[in-house]
Amino acid sequence: MTASSPSSLKIAIVGGSGYGGGELLRLLLGHPYVEVTQVTSQRNAGKYVHTLHPNLRPWAGRPALRFTTLDELEPCDVLFLALPHGQAQENIERFAELAPRIIDLSADFRLGDAALYRRWYGHEHKAPGWLERFVYGLPEVNRARIRESAYVSGVGCNATASILALLPLVRSDLLRDDRPILVDLKVGSSEGGASASAASHHPERSHVVRSFAPTGHRHQAEVHRALGREDVHLSVTSVELVRGVLATAHAWVRPGVGERDLWRAYRSFSAGEPFVRVVHERGGIHRHPEPKLLAGTNLADVGWSLDEENGRLVALCAIDNLGKGAAGSAVQCLNLMMGWEETTGLTFPGLHPI
Ligand SMILES: NC(=O)c1ccc[n+]([C@@H]2O[C@H](COP(=O)([O-])OP(=O)(O)OC[C@H]3O[C@@H](n4cnc5c(N)ncnc54)[C@H](OP(=O)(O)O)[C@@H]3O)[C@@H](O)[C@H]2O)c1
């Protein structure tokens with residue numbers, strides 16, 4: 001297959017009953033160059049996928065897919081993995097026998113280094129030889145390598161929002177490097193996946209502003225690698241959203257940096273990025289990035305506010321955790337790997353009002 005002659009690529013989704021798998025399925029069912037041939041769920045094998053993803057109930061003659069088990073998986077062109085942490089690394093040899101290309105949404109292959117993985121995840125990696133074979137799947141950081149790769153890891157949703165808020169500033173060298181950067185993240189409940197827990201029980205989760213990981217969040221490791229700075233610290237708070245992440249990064253600019261430099265940095269970054277938009281308005285109610293507006297999209301809205309008197313900068317990024325923070329970036333990577341237009345199947349602009 002060449003970039004100029006897309007044909008129907010056979011795709012299977014492993015872990016398709018979850019929120020990440022469901023979003024992948026929604027995007028891939030609307031993708032013009034792929035056919036989803038199998039979707040797995042161990043607990044729901046035999047059931048129609050729309051019993052778990054009611055938005056995907058077939059219409060207008062579209063086929064109704066049923067979940068299969070892992071054992072029933074057949075060879076395909078691309079395997080998407082949307083499994084809980086640890087499952088991909090345990091079964092990677094078998095998955096690689098099934099498909100020449102793999103895109104894994106989990107954190108299993110994100111860090112690319114066994115020692116780093118042990119430091120952040122607290123145990124030995126089960127397939128260390130595979131770590132170097134996977135490329136970190138954030139196109140804004142690794143586009144050229146993703147194009148050449150057969151194995152691409154997913155991205156952390158909180159890492160994605162943090163990286164995209166700060167990358168334009170780091171690339172333009174506008175930030176002081178003698179002061180740390182603190183990123184406050186407000187996140188929705190779907191980050192926790194489809195399995196219920198005491199914390200996700202409605203009376204406990206609804207209306208919270210709950211410090212979930214004030215320190216020590218594992219996505220920090222991804223942020224450090226992408227930005228090339230170890231002094232970036234994340235604090236994660238659960239708020240009243242189903243989908244969405246807002247990263248509010250607190251940093252200090254170098255002496256003399258003003259609004260014009262910031263405009264130039266964000267504009268030049270977003271000019272080369274099909275899914276990054278600058279939101280920095282003087283008036284109105286949508287002056288800054290707002291995750292509510294991005295539900296279902298692969299967009300990342302970035303913006304900032306500068307206190308010129310003291311050089312304090314607040315950098316912002318909003319995404320949909322299941323979109324740009326997971327399945328959307330994964331499909332963007334598929335497009336890159338296949339040499340297709342990067343936005344194929346990802347042009348939904350979101351809803352307003354919502
Ligand atoms: N949610 C997010 O915002 C988000 C963002 C970025 C990345 N991710 C990553 O994406 C991955 C999936 O997350 P999610 O939120 O979609 O999780 P989820 O909703 O809990 O879904 C997990 C899926 O894995 C399947 N599964 C669970 N245990 C399994 C096992 N032992 N063997 C085979 N299948 C198993 C489940 O199917 P059955 O139980 O029905 O068999 C389900 O389909 C995670 O690694 C997560 O870190 C998630």
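**Ligand shell, helix α6 and strand pairing**

In the shell around the ligand, the largest share is contributed by α1, with 3 residues. The structure described here is a predicted model. Around the ligand there are 31 residues, of which Gly15, Gly18, Gly20, Ser106 and Gly193 come nearest. Two or more residues of the shell are given by each of the elements α1 (19-29) and α10 (323-338). Sorted by class, the residues of the shell comprise 18 polar, 11 nonpolar and 2 charged. Domain 1 (9-133) and domain 2 (157-321) each supply at least three residues to the shell around the ligand.

Helix α6 covers residues 157-171. Its 15 residues should span 21 Å at 1.5 Å a residue, and this agrees with the end C-alpha atoms, which are 21 Å apart. The helix nevertheless carries a kink of about 30 degrees, located at alanine 165, shortly before proline 168. Burial of α6 is extensive in that 14 of its 15 residues are buried, so that the helix is mostly covered. Just after α6, a positive phi of about 55 degrees is found at aspartate 173.

Seven-stranded pairing is seen in an open sheet of 7 strands, in which the order is β3-β2-β1-β4-β5-β7-β6 and the pairing is parallel. The edges of this sheet are formed by β3 (67-68) and β6 (135-136), each of which pairs on one side only. Within the sheet, strand β5 (residues 101-104) is joined to strand β7 (residues 151-153) by 3 bridges in the parallel sense. One of the residues involved is aspartate 104, whose bridge partner in β7 is serine 153.

A further set of pairings involves strand β8 (residues 181-187). This strand is mostly covered, with 5 of its 7 residues buried. Strand β10 (residues 232-238) pairs with β8 in the parallel sense over 7 bridges, and lysine 186 has threonine 237 of β10 as its bridge partner. Strand β11 (residues 245-252) also pairs with β8, but the two run antiparallel and are joined by 6 bridges. In this antiparallel pair, valine 183 stands opposite alanine 249 of β11. Strand β8 is thus paired in the parallel sense with β10 and in the antiparallel sense with β11. In general, strands of a sheet pair through backbone hydrogen bonds, either parallel or antiparallel.

Notes:
Residues numbered from 1 in each chain as written. Predicted model: local features only at pLDDT ≥ 70, side-chain atom pairs only at ≥ 80, totals over all residues. Near = placed C-beta within 6 Å. Helix = DSSP H or I, 4+ residues; strand = E, 2+ residues; numbered from the N terminus. Nonpolar A, V, L, I, M, F, W, Y, C, P; charged D, E, K, R; others polar. Domains from an automatic or database assignment. Expected span 1.5 Å × (residues − 1). Bend = angle between axes of the 7 residues up to and from the residue. Buried ≥ 20, exposed ≤ 12 C-beta atoms within 10 Å, placed from the backbone. Pairing = 2+ DSSP bridges.
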